[in-house]
Amino acid sequence: MAKSQETYSKKEKEKKKLRKRQDKAAKREERKANATSGSLDDMIAYVDEFGNIVDTPPDPTKKKKVKAENIEIGIPKKEESDSDELKGRVDYYNHDRGYGFIKELNGNNKYFYHVNNTIDEVDEGHLVSFELEKSDRGLNAINVKKAI
């Protein structure tokens, strides 16, 4: 006589699969019984003035008008001030090539400058005042002159 092909572990696996199918069917029936109408109004969510998601629509009396030209996207423009000049000390200067670096006095920033952008003749160690200009490689010092 041949031995049965059905083993204990196969029977257990079949029982688990059947139990899983029954649980899934029971959950599906429960969802159908507790389901709401599924209308669009039930699915809409609103955002209140504090950024929280709520079910109630916003109060139209609290609505504020905003002009499109007052909306700034990105970094706000820097306001022009009277004293755009910065002060620093010439940290390095190459006489052969005509360029150098200025270290800001009230910070650790260093800025590149070229001899074409200087008003006075400057050398290493001189205190200078300068303005900044944005270039494709970063900020450069322009209008470099000796500080008084």
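Q: In this predicted model, how do the residues of the lining of the largest pocket divide into nonpolar, polar and charged?
A: The lining includes Val47, Val54, Pro57, Pro58 and Pro60, and Val and Pro count as nonpolar. Asp48, Glu49, Asp59, Lys62, Lys63 and Lys64 are also among the lining residues, and Asp, Glu and Lys count as charged. Thr56 lines the pocket as well. The division is therefore five nonpolar, one polar and six charged.

Q: How much space lies in the largest pocket?
A: Rolling a probe the size of a water molecule over the atoms shows where empty space is left. For the largest pocket of this model, the space comes to about 260 Å³.

Q: Is Pro58, one of the residues that line the largest pocket, buried or exposed?
A: Pro58 lies in the loop between E2 and E3. Its relative accessibility is 55%, and a residue counts as exposed over 50%. Pro58 is therefore exposed.

Q: How far apart in space are Pro58 and Tyr46, C-alpha to C-alpha?
A: Along the sequence, Pro58 and Tyr46 are 12 residues apart. In space, the distance from C-alpha to C-alpha is 7.3 Å.

Q: Which residue is 13 residues along the chain from Asp55, with its C-alpha atom separated from that of Asp55 by 8.5 Å?
A: Asp55 is found in the loop between strand E2 (53–54) and E3. With a relative accessible area of 68%, Asp55 is exposed. The residue whose C-alpha atom is separated from that of Asp55 by 8.5 Å is Asp42.

Q: In what order do the elements of the chain run from the N terminus on?
A: The secondary structure comprises two helices and seven strands. Read from the N terminus, the order is α-α-β-β-β-β-β-β-β.

Q: Which strands each supply at least two residues of the largest nonpolar core?
A: This core has 10 residues: Val90, Tyr93, Ile102, Tyr111, Tyr113, Val122, Val128, Phe130, Ala141 and Val144. The strands that each supply at least two of them are E3 (86–94), E5 (110–114), E6 (127–135) and E7 (138–146).

Q: Which residues does Val144 touch, not counting residues up to four places away in sequence?
A: Val144 belongs to the largest nonpolar core. Among the residues that Val144 touches are Asn117, Thr118, Ile119, Asp120 and Ser129. Val144 also touches Ile102, Tyr113, Val122, Val128 and Phe130.

Q: What is the angle between the planes of the aromatic pair formed by Tyr93 and Tyr113?
A: The structure holds seven aromatic pairs. In the pair of Tyr93 and Tyr113, the rings are 6.1 Å apart centre to centre. The pair is stacked, and the angle between its planes is 10°.

Q: How many residues apart in sequence are the parts that the pair of Tyr93 and Tyr113 ties together?
A: Tyr93 lies in strand E3, whereas Tyr113 lies in strand E5. Tyr93 counts as buried at 12% relative accessibility, and Tyr113 is buried with a relative accessible area of 0%. Because the two rings lie in these two strands, the pair ties together parts whose separation in sequence is 20 residues.

Q: Why is the pair of Tyr111 and Phe130 tilted?
A: Tyr111 lies in strand E5 and Phe130 in strand E6, so the pair ties together parts that are 19 residues apart in sequence. Tyr111 is buried at 8% relative accessible area, and Phe130 is buried at 0%. The ring centres are 5.8 Å apart, and the pair is tilted because the planes lie at 55°.

Q: Is Asn143 buried, partly exposed or exposed?
A: Asn143 is found in strand E7. Asn143 has a positive phi of about 50° although it is not a glycine. Most residues other than glycine have a negative phi. With a relative accessibility of 33%, Asn143 counts as partly exposed.

Q: What separates the C-alpha atoms of Asn116 and Gly98 in space?
A: Asn116 lies in the loop between E5 and E6 and counts as exposed at 65% relative accessibility. Asn116 and Gly98 are 18 residues apart along the chain, and their C-alpha atoms are separated by 8.2 Å.

Conventions: Residues are numbered from 1 along each chain as its sequence is written. This is a predicted model: local features need pLDDT of at least 70, side-chain atom pairs count only at pLDDT 80 or more; totals for chains, interfaces and linings use all residues. Side-chain values use heavy atoms; hydrogens and water are left out. On a 1 Å grid over the protein atoms alone, a cavity is a set of points where a 1.4 Å probe fits but cannot get out, and a pocket is an open set with protein on both sides within 12 Å along at least five of seven lines; lining residues have an atom within 4 Å of a point. Grid points are joined across faces, edges and corners, and a volume is the space filled by probe spheres set on the points. A nonpolar core is a set of buried Ala, Val, Leu, Ile, Met, Phe, Trp, Tyr and Cys residues joined through side-chain atoms within 4.5 Å. Buried means under 20% relative accessible area, exposed over 50%, partly exposed in between (1.4 Å probe, protein chains only). Helices (H or I, at least four residues) and strands (E, at least two) are DSSP runs, numbered from the N terminus. Contact means heavy atoms within 4.5 Å. Rings of Phe, Tyr and Trp (its six-membered ring) pair if their centres lie within 6.5 Å; planes under 30 degrees apart count as stacked, over 60 as edge-to-face and the rest as tilted.
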